[in-house]
Amino acid sequence: MTNTTLTAIPGFRVGHWTDSVGSTGCTVILCPDAGAVASASFLGPSPATREGVLLSAEKKVERVHALLLTGGSAFGLAAASGVVRVLEERGVGHQTPFARVPIVPAAVVYDLGVGDPLARPGEKEGEAAARAASSEPVPRGRVGAGTGTTAGKYLGGPGAVPGGLGSVMLERYGVSVGALAVVNPIGDVLDEHGGVLVGPGTGPGAVSFTPGDVENTTLIAVVTEHTLSKADCRRLADAAQTALGRVIHPSHTYWDGDAAFVLSSGTLPPADPLLLGALVQEAVCAAVRDAVRMANSLGV
């Protein structure tokens, strides 16, 4: 079977841990052992992250060794310690005078109200996801960090639909990117023609909740082999955020904590920046739609 997901980009592996009863989970993207140059864009007012500041373009450390996307709200950040344990065991990490230190940024979605609010990914679950990581096509739908996610929530709970986890790989003129999306927005997800793919479809004027009633975040990870600086990764992460405005309506609301990560293994020469930026945005939109289609059995 042809791999058309993020793991079609050589060197990157993905693993899930899923709790289908508690409706939560976590997803790990393992980088090549040498790490990947990375940065991120956080446009939500309440992001819950680990190592988020380190990803700023002006900070010293450039390469990360894995990325954790997880449910469980801030509790789920504990799963990153399990990923670190696996990488340390394998001798992977940033070289310091006395040890190799694995760099594992993480970001969470709020899924505590969907299943069991006490079912949260922790260190053991993060370790399991890291050990499960492979270069096989990424399992998508209600798995990993997308297990308890929902979309179309601006009418309150009854209008919510499963959000899920999606992944794609796009290639054009020898330039390729892979994307993975964990979809948990207030807004509707739109199809390729601007119509409503999932959600109530009545728009933000029908908002019936007050701040604090629901918690929402869409997480995006984009990977490429093409050489990028840390500043390049940040610019592309901003581009990934703008793509959410094309596929989610309304997007980036007061209640959304969206985060986008871009990682480059640097094993290929730099690509045309205009083409690469366009592919990143197309891949983000496609991954978001793939998530809700797989989570809701909508087909292609």
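**Notes on helix packing, empty space and backbone oddities**

1. Helix H1 passes helix H2 in a right-handed crossing. Keep in mind throughout that this is a predicted model. H1 covers residues 79–89, and H2 covers residues 123–132. Their axes lie 6 Å apart, and the helices pack at an angle of about 50°. An angle that is neither under 35 degrees, over 145, nor from 65 to 115 counts as oblique, so H1 is oblique to H2.

2. Which residues of H1 and H2 make the contact? From H1 come Ala79, Ser81, Gly82, Val83, Arg85, Val86 and Glu89. From H2 come Glu123, Gly126, Glu127, Ala130 and Arg131. Sorted by class, this contact has five charged, four nonpolar and three polar residues. Find Arg85 and Glu89 on H1, then look across to Glu123, Glu127 and Arg131 on H2.

3. Now take the other helix pair. Helix H3 runs over residues 230–247, and helix H4 runs over residues 273–295. Their axes come within 8 Å and cross at roughly 45°. H3 and H4 are therefore oblique to each other. The crossing of this pair is right-handed.

4. What does each helix bring to the contact of H3 with H4? H3 brings Leu236, Ala239, Ala240, Thr242, Ala243, Leu244, Arg246 and Val247. H4 brings Leu276, Gly277, Val280, Gln281, Val284, Cys285, Val288 and Arg289. Eleven of these residues are nonpolar, three are polar and two are charged. The charged ones are easy to pick out: Arg246 sits in H3 and Arg289 in H4.

5. Next, the empty space. Rolling a probe the size of a water molecule over the atoms shows where such space is left. How many cavities of 30 Å³ or more does a search of the whole structure find? The search finds one. The largest cavity holds about 40 Å³ of space.

6. The lining of the largest cavity is Ala38, Ser39, Leu55, Val64, Ala66, Leu67, Pro105, Phe261 and Leu263. Three strands each give two or more residues to this lining: S3 (36–42), S6 (66–70) and S18 (259–268). By class, the lining has eight nonpolar residues, one polar residue and no charged residues. Ser39 is the polar member to look for.

7. The largest pocket has a volume of about 280 Å³. Its lining takes in 21 residues. Which of them lie nearest the centre of the pocket? They are Ser46, Glu215, Asn216, Thr217 and Trp255. Across the whole lining, twelve residues are nonpolar, seven are polar and two are charged.

8. Two backbone details deserve a check on screen. The peptide bond from His249 to Pro250 is cis, with omega near -10°. Pro250 is found in the loop between strand S17 (248–249) and S18. Strand S18 was mentioned above for its part in the lining of the largest cavity.

9. The other detail is at Ser23. Is its phi positive or negative? The phi of Ser23 is positive, at about 60°, although this residue is not a glycine. Ser23 lies in the loop between strand S1 (13–19) and strand S2 (24–30).

Notes. Residues numbered from 1 in each chain as written. Predicted model: local features only at pLDDT ≥ 70, side-chain atom pairs only at ≥ 80, totals over all residues. Heavy atoms only, no water. 1 Å grid on protein atoms, 1.4 Å probe; cavity = no way out; pocket = protein on both sides within 12 Å on 5 of 7 lines; lining within 4 Å. Points joined across faces, edges and corners; volume = space filled by probe spheres on them. Nonpolar A, V, L, I, M, F, W, Y, C, P; charged D, E, K, R; others polar. Axes fitted to C-alpha atoms, helices over the stretch in contact; angles between N-to-C directions. Helix = DSSP H or I, 4+ residues; strand = E, 2+ residues; numbered from the N terminus. Left-handed = near helix turned anticlockwise from the far one by under 90°. Contact = heavy atoms within 4.5 Å.
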